[in-house]
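Here is a short note to read alongside the model. Take the points in order, and keep the 3D view open as you go.

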Amino acid sequence: MQDLRKYWAARGDWFSSRGREERIKDYIALANQLVWKRQVSLLAAAVLAALYLDAFTIFTYYAVVAISEMLDLYLGYKAKDWDGKNPVMGGRILKRIVLNTAVSGVAISAFTISIAVQQPAVGHFLPLFFLFSAAVFAAMYNSQMMGVLVLRLSIYALAFLYIACLDVMRYLPPLSSPIWLEFFTTIFVLYFICDISMKFYSNYQDRLRQMKLLRDENERTKAALEVKSQFLATVSHELRTPLTSIIGSLELIKADKRQILPDGLKPVIGIAARNGQRLAALIEDLLDLQKLEAGEMAFHFQPLDANELVSEAVDSTAGYAGKLGIEVTTAFCPESCRIAGDHNRLIQVMSNLLSNALKFSHDGGAVHVRVEVINSRVRIAVQDNGVGIPEGAEECVFGKFSQVDSSDVRKVGGTGLGLNITKQIIERHNSTINYVSKLGVGSTFYVEFDRLTAGDGSDNVTDSLAKAA
Ligand code: ADP
């Protein structure tokens, strides 16, 4: 009763266009998946029956079944590329499904009846069992469309009743005869089939409803993300312009060309300028992150020399390293180490790795950058002997807004975004980033790229990276 209620409740859904297309697509996909399984069981039943009964009749009926199956096969093939959207096409496919179901149902029923007719009284186990499995198969796999399922099961039910009545009509036996026992058993089996069909159907309904809920939830999450991205982009842009002029003015005051700044104010202006720079860095990171997540960051891939890349990045951080009194040494690769990448983005990656290495080094420490070829890969490693990273902190290191030491006593500043952005940029290059580290001893961060060799069509490699990004 409850199943029936669910069925009627679902009918509104059934007739709505979206529901219908979705069901047709599910039906076709499943039919295509199971078609050969069905052929094998049909053939096995025919061979078995042919061994004991008139093989010619059996195979003649089986041929009709096989032809009807071909219709399904053809429909599955034609409809497999249907996008599930065009309702006119959907209507056409549905008509063919109904027609094929009728033809196949009648063919299978005729096949089983032909077996039953050849058998003596009481003992129609083979045809009844065959019909039973065909009905259960339909109940399990045709529950996407109630109408189609009902059509097939009705045809099978008529065949069931015909086989059940066959001996009753032939022999008109007394009620105590086993012929009647077989008759009532068949009726019971019919009821059982109706019951499980309803169960399968309501399960399918539940699945559809859950999928719809998930889809709606997904849409809502996407919309919220979109709003967040827009908000972030607008706020960051609006902050960046005035902040640039504030920083510019503070730097001008700090420079104090006319020597008019009172001594007491100098440290305050210095702090304000530094904080302004930090804020600007945070805004740049937020903008990059938003662009990466929205897939709006443009990449211009080209063949690059890893040695040159490293040399340029090291030069650009020389001022910061000098301020901290840290020596940066390099070991370049003696052979060709060309990679495909976006120059500016990879400089950004290297600068982040270098500035982290410098930032987390002890005063007077050393940073070493190595470029090497390992098999068909080019590896760039940035090694420091600074504070190190504890074991199992990968999520903090590469996460968003996360820092391994986020306590108030933390000496160095940062947004916790740099390595997350770096990782995303590296992944757009089809490359990898990782690190090894020991707490208190130091860390080595390394990125690995595919090496471009002379035989590589650089254009092909950069094109395929551009597509992937
Ligand atoms: P931040 O702006 O905090 O530097 P990152 O995303 O660049 O953000 O780094 C995330 C965290 O990873 C850092 O806060 C730090 O805890 C850790 N980390 C990154 N590089 C190093 C390094 N070379 N040595 C020690 N810790 C590091």
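1. Let us begin with a term: the radius of gyration used here is taken over C-alpha atoms, and the rule for a globule is 2.2 Å times the number of residues to the power 0.38. A compact globule of 469 residues would come out near 23 Å, but this protein has 37 Å. Please keep in mind that the model is predicted. Along the principal axes, its C-alpha atoms fill a box of roughly 125 × 50 × 45 Å.

2. Next, the building blocks. The protein holds 14 helices and seven strands. Among contacts between residues at least 6 apart in sequence, 74% join residues at least 24 apart. You can look for such pairs in the points below.

3. What about the surface and the charges? About 25900 Å² of the protein is exposed, with carbon and sulfur atoms supplying 62% of that area. Buried residues make up 42% of the 469. There are 48 positive side chains and 48 negative ones, and the centres of the two sets lie 6 Å apart.

4. Now for the inside. The largest nonpolar core has 46 residues, and those touching the most other members are Leu 346, Leu 353, Val 371, Ile 380, Val 382, Val 397 and Phe 445. Which helix gives the most to this core? Helix H11, residues 343-359, does, with eight residues. Another core, of 33 residues, lies apart from it and includes Ala 107, Phe 111, Ile 113 and Tyr 156.

5. Leu 353 is a good residue to click on, and its place is in helix H11. Is Leu 353 buried or exposed? Its relative accessibility is 3%, so it counts as buried, the cut-off being under 20%. Beyond its neighbours within four places in sequence, Leu 353 is in contact with Val 382, Leu 419, Ile 433, Phe 445 and Val 447. The C-alpha atoms of Leu 353 and Ala 381 are separated by 9.2 Å, with their positions 28 residues apart along the chain.

6. Val 371, from the same list of core residues, has contacts of its own to explore. Leaving out neighbours within four places in sequence, its partners include Ala 306, Val 310, Phe 332, Cys 333, Cys 337 and Ile 380.

7. Two serines are worth a look. Ser 197 sits in helix H7 and is buried, at a relative accessible area of 3%. Not counting residues up to four places away, Ser 197 touches Ala 139, Leu 149 and Leu 153. Ser 336, by contrast, is in the loop between strand E2 (327-331) and strand E3 (338-342), and it is partly exposed at 39%. With the nearby sequence set aside in the same way, Ser 336 touches Val 373 and Arg 451. Ser 336 and Val 404 are 68 residues apart in sequence and 37 Å apart in space, from C-alpha to C-alpha.

8. Finally, some backbone angles to check. Most residues other than glycine have a negative phi. Asp 256 has a positive phi, near 50°; this residue is found in the loop between helix H7 (178-255) and helix H8 (266-293). Asp 256 counts as buried, because its relative accessibility is 9% and the limit is 20%. Asn 430 also has a positive phi, of about 55°, and lies in the loop between helix H13 (418-428) and strand E6 (432-438).

How values were computed. Residues are numbered from 1 along each chain as its sequence is written. This is a predicted model: local features need pLDDT of at least 70, side-chain atom pairs count only at pLDDT 80 or more; totals for chains, interfaces and linings use all residues. Side-chain values use heavy atoms; hydrogens and water are left out. Helices (H or I, at least four residues) and strands (E, at least two) are DSSP runs, numbered from the N terminus. Buried means under 20% relative accessible area, exposed over 50%, partly exposed in between (1.4 Å probe, protein chains only). Contact means heavy atoms within 4.5 Å. Accessible areas come from the Shrake-Rupley method with a 1.4 Å probe; for residues, only the protein chains shown count as cover. Lys and Arg count as positive and Asp and Glu as negative; His and the chain ends are not counted. The place of a charge is taken as NZ of Lys, CZ of Arg, CG of Asp or CD of Glu. A nonpolar core is a set of buried Ala, Val, Leu, Ile, Met, Phe, Trp, Tyr and Cys residues joined through side-chain atoms within 4.5 Å.
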